[in-house]
Amino acid sequence: MKENFLKELGDALQGQVPASVYQDTMRYYTQYIDEEIRKGRSEKEVVESLGSGRILAKTVIDTQGKSQGAGYTYNTQQGSSQNRAQTEKQVPFATKAKGIAVIVAVLVVVVALAGIVIHIVWALLPLILIVALIVWLVKRI
């Protein structure tokens with residue numbers, strides 16, 4: 001499946017785009033398929049999700065003239081694809097707000113628990129000191 005997809009893609013790109021675009025595109029899809037398989041997807045599932053190699057090649061060819069130099073890379077360490085022209089994704093404000101709310105809630109709980117523990121220890125401090133004194137006296141005898 002993978003070899004057939006890559007052959008179809010390569011055949012459609014050959015001679016239609018500069019060698020660097022051809023190599024980048026072939027490398028990208030090879031790494032993408034391999035990474036998705038490592039994540040547990042079947043080769044068939046990954047290749048079917050990509051669709052036709054000829055249609056992908058046509059998209060690459062059509063966009064080549066519009067975006068000179070904006071090739072694609074696949075970062076195998078993170079397992080994510082990136083467009084070199086747009087390396088930073090914009091995170092929606094609602095997502096940021098939810099994250100901040102969770103962090104604030106966790107901090108409030110931690111501070112409240114720390115206050116409760118300190119209050120309990122402070123209330124029991126005389127008892128703790130008396131028990132420690134008795135233990136110390138018993139060991140001396």
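Here are four short exercises on how the helices of this predicted model are arranged.

**Exercise 1. Work out how helix 1 is oriented relative to helix 2, and which residues make the contact.**

Start with the axes. Those of helix 1 (residues 2-13) and helix 2 (residues 19-38) come within 10 Å and cross at roughly 165°. Angles over 145 degrees count as roughly antiparallel, so helix 1 is roughly antiparallel to helix 2. As for handedness, helix 1 passes helix 2 in a right-handed crossing.

Next, list the residues. Helix 1 contributes Lys-2, Phe-5, Leu-6, Leu-9, Gly-10 and Leu-13. From helix 2 come Tyr-22, Thr-25, Met-26, Tyr-29, Thr-30, Ile-33 and Asp-34. An α-helix has 3.6 residues a turn, so residues three or four places apart point the same way. Sorted by class, the contact of helix 1 with helix 2 holds 8 nonpolar, 3 polar and 2 charged residues.

**Exercise 2. Now do the same for helix 2 and helix 3: what is their crossing angle, and which residues meet?**

The axes of helix 2 and helix 3 (residues 43-50) come within 9 Å, crossing at roughly 135°. Helix 2 and helix 3 are therefore oblique to each other. Here too the handedness can be read off: helix 2 passes helix 3 in a right-handed crossing.

On the helix 2 side, the contact is made by Tyr-29, Tyr-32, Ile-33, Glu-36 and Ile-37. Glu-43, Val-46, Val-47 and Leu-50 make it on the helix 3 side. The class count for helix 2 with helix 3 is 7 nonpolar, no polar and 2 charged residues.

**Exercise 3. Close the set of three: find the orientation of helix 1 relative to helix 3 and the make-up of their contact.**

The axes of helix 1 and helix 3 come within 9 Å and cross at roughly 25°. Angles under 35 degrees count as roughly parallel, so helix 1 is roughly parallel to helix 3.

Lys-2, Glu-3 and Phe-5 of helix 1 meet Glu-43, Val-47 and Leu-50 of helix 3. The contact of helix 1 with helix 3 divides into 3 nonpolar, no polar and 3 charged residues.

Nice work! It is worth tracing some residues between contacts. Lys-2 and Phe-5 of helix 1 take part in the contact with helix 2 and in the contact with helix 3. Tyr-29 and Ile-33 of helix 2 touch helix 1 and also helix 3.

**Exercise 4. Where does helix 5 bend, and how does its span compare with the expected one?**

First, the span: helix 5 (residues 93-140) has 48 residues and reaches 66 Å from its first C-alpha to its last, close to the 70 Å expected. Then the bend: helix 5 turns by about 50° at Leu-125. A proline, Pro-126, follows within four residues.

Methods:
Residues are numbered from 1 along each chain as its sequence is written. This is a predicted model: local features need pLDDT of at least 70, side-chain atom pairs count only at pLDDT 80 or more; totals for chains, interfaces and linings use all residues. Side-chain values use heavy atoms; hydrogens and water are left out. Axes are lines fitted to C-alpha atoms, for helices over the stretch in contact, and angles run from 0 to 180 degrees between N-to-C directions. Helices (H or I, at least four residues) and strands (E, at least two) are DSSP runs, numbered from the N terminus. Angles under 35 degrees count as roughly parallel, over 145 as roughly antiparallel, 65 to 115 as roughly perpendicular and the rest as oblique. A crossing is left-handed if the near helix is turned anticlockwise from the far one by less than a right angle, and right-handed if clockwise. Contact means heavy atoms within 4.5 Å. Ala, Val, Leu, Ile, Met, Phe, Trp, Tyr, Cys and Pro count as nonpolar, Asp, Glu, Lys and Arg as charged, and the others, Gly among them, as polar. The expected span of a helix is 1.5 Å times one less than its number of residues. The bend at a residue is the angle between axes fitted to the seven residues ending there and the seven starting there.
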